[in-house]
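Q: Please take a close look at the sheet in this model: how its strands are ordered and paired, and what packs on it. After that, add what can be said about the helix packing elsewhere in the chain and about how the copies are related.

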2 protein chains.
Amino acid sequence: MYELYYWPTIQGRGEFVRLALEQADAEYVDMARKKDGLAKMQALLEGKNGLTPPFAPPFLRDGSVVIGQTAAILFYLGERLNLAPRNNIQRLWTHQIQLTISDLITEVHDTHHPLSVDLYFEEQRSAARRRAKTFREERLPKFLNWFETILDRNESDRHCLVGRSVTYADLSLFQVVEGLGYAFPKAMRRTGRNYPRVATAHGAVGQLPRLRSYLDSDRRFPFNEDDIFRHYGELDA
Amino acid sequence: MYELYYWPTIQGRGEFVRLALEQADAEYVDMARKKDGLAKMQALLEGKNGLTPPFAPPFLRDGSVVIGQTAAILFYLGERLNLAPRNNIQRLWTHQIQLTISDLITEVHDTHHPLSVDLYFEEQRSAARRRAKTFREERLPKFLNWFETILDRNESDRHCLVGRSVTYADLSLFQVVEGLGYAFPKAMRRTGRNYPRVATAHGAVGQLPRLRSYLDSDRRFPFNEDDIFRHYGELDA
């Protein structure tokens, strides 16, 4: 039984872990959504129980093992949930893709919070507009182009990023494309059509039955403006 | 023979890999500092040779294996250079620390480039001052406090982050403290004294003979204002 610790009302970075757990039909508890869950999360963050303290949510507890950092959690789970290649080099390649997705997510977050997480979006709008412009025009195409290239180069199955089977990186790319479509619908309509393999991969993952059943359940929260992917029209010019 | 690919005139993220290679006395070539090196780097970034294309430098080539993402490179090298624990869980913990250091480095970079990497610092000074304030007052103490806690909790050797031996994470923490001392000397004098174990660990790594000999060589570039750690007095109020 895995314990996932993350903020209880948003998808956030926790969602990348949830998608893996759900697609693998793993037994897990979303701890912070339970009674006293936030207090337990806080205690683990403070390392009060002798376990290694993560820097921030999300983190996973598996018995006496506590793992923070989304990509590290997925590296750990990938092997156990059969969502990563068996070959070590391929597994590290999958992880490398996930780390690049993590970088993209940080950049998405910074489009609406370029100056400080301690300020509201409304207090940093002008800076956010500038940052979002560079994101839409330079960074977003660079990231999408990289995913397109990788999909194109994977000769074993061009719907997957690595090898022939779905990995956690495919699930994460799906989530990124969903989130980008929510936050930047105009930019994604304009830019996204240049990346047909990304679109196909996104569509294929969205039809995986177990994942679909999660996405249609009430365990899946809707995107919202307290989350990483936020829709502010002025940032999607 | 490892090939390291990174921009040839700065320490940057490549330095975290260099410190590991140097401390392990590994045979490696800093490719982009060689003739035609930048062209070779570009060809690998474009994946022209059938190898997995990294998203950005630094990346490492070891025969037919190409690995991008600083933390992934160090994960790969740690095992081979005896700079990581043998135990898988401890190795993942070391990696988790490194990923958190990567996050810190991104935040340091964004203190001088909060709006766009396409603008000069001088074009985003006002935003940089605001971002640096939150970094100095909120983020820097949070990161340093986490390192202090981990060092304190490691009962096997309180000069190391994990276990009894130097890992690549210790070398990276050394580099971070060096860089922060260069970029934010005032903030580090004020804040740094609250983290005595971080200071001790930094001092211990700086005296490792092989590392010291690298740091004193002309292979080690000085910090400068084209790099990640930049000293701008106005950001260190």
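A: In this predicted model, chain B has an open sheet of four strands, in the order S2-S1-S3-S4 and with mixed pairing. Its edge strands are S2 (28-30) and S4 (65-68) of chain B, each of which pairs on one side only. On average, neighbouring strands of the sheet are turned by 20° against each other, direction ignored.

The parallel part of the pairing lies between S1(B), residues 2-5, and S2(B), which are joined by three bridges. Within this pair, B:Glu3 stands opposite B:Val29 of S2(B). Two helices of chain B accompany these strands. Helix H1(B), residues 14-23, lies across S1 and S2 of chain B and runs at about 155° to S1(B). Helix H2(B), residues 37-45, packs on the sheet and touches S1, S3 (59-62) and S4 of chain B; the direction of H2(B) makes about 90° with that of S3(B).

Antiparallel pairing can be followed in chain A. There, S1(A), residues 2-5, and S3(A), residues 59-62, run antiparallel and are joined by three bridges, with A:Tyr5 opposite A:Phe59. S3(A) is also joined to S4(A), residues 65-68, by four bridges, and this pair is antiparallel as well. A:Asp62 stands opposite A:Val65 of S4(A). S3(A) and S4(A) make up a hairpin with two residues between them, and A:Gly63 in the turn has a positive phi of about 65°.

Away from the sheet, helix H8(B), residues 196-206, has four residues listed as buried: B:Val198, B:Ala201, B:Val205 and B:Gly206. These cover an arc of only 130° around the axis, which puts them on the same side of H8(B). As a general point, an α-helix has 3.6 residues a turn, so residues three or four places apart point the same way. The cover over the buried residues of H8(B) includes helices H5 (125-153), H6 (168-183) and H9 (209-215) of chain B.

As for the two copies, a turn of 180° with a shift of 0.0 Å along the axis lays chain B on chain A with an RMSD of 0.0 Å. The copies are thus related as by a two-fold rotation axis. Among the residues of chain B, B:Pro114 comes closest to the rotation axis, with its C-alpha at 2.9 Å. Of the interface residues of chain B, 100% are also interface residues in chain A, so the copies meet through the same surface.

Conventions. Residues numbered from 1 in each chain as written. Chains lettered and ligands numbered in written order. Predicted model: local features only at pLDDT ≥ 70, side-chain atom pairs only at ≥ 80, totals over all residues. Heavy atoms only, no water. Pairing = 2+ DSSP bridges. Least-squares fit on C-alpha atoms with pLDDT ≥ 70 in both. Contact = heavy atoms within 4.5 Å. Buried < 20%, exposed > 50% of the residue type's maximum accessible area, 1.4 Å probe, protein only. Arc of directions from axis to C-beta. Axes fitted to C-alpha atoms, helices over the stretch in contact; angles between N-to-C directions.
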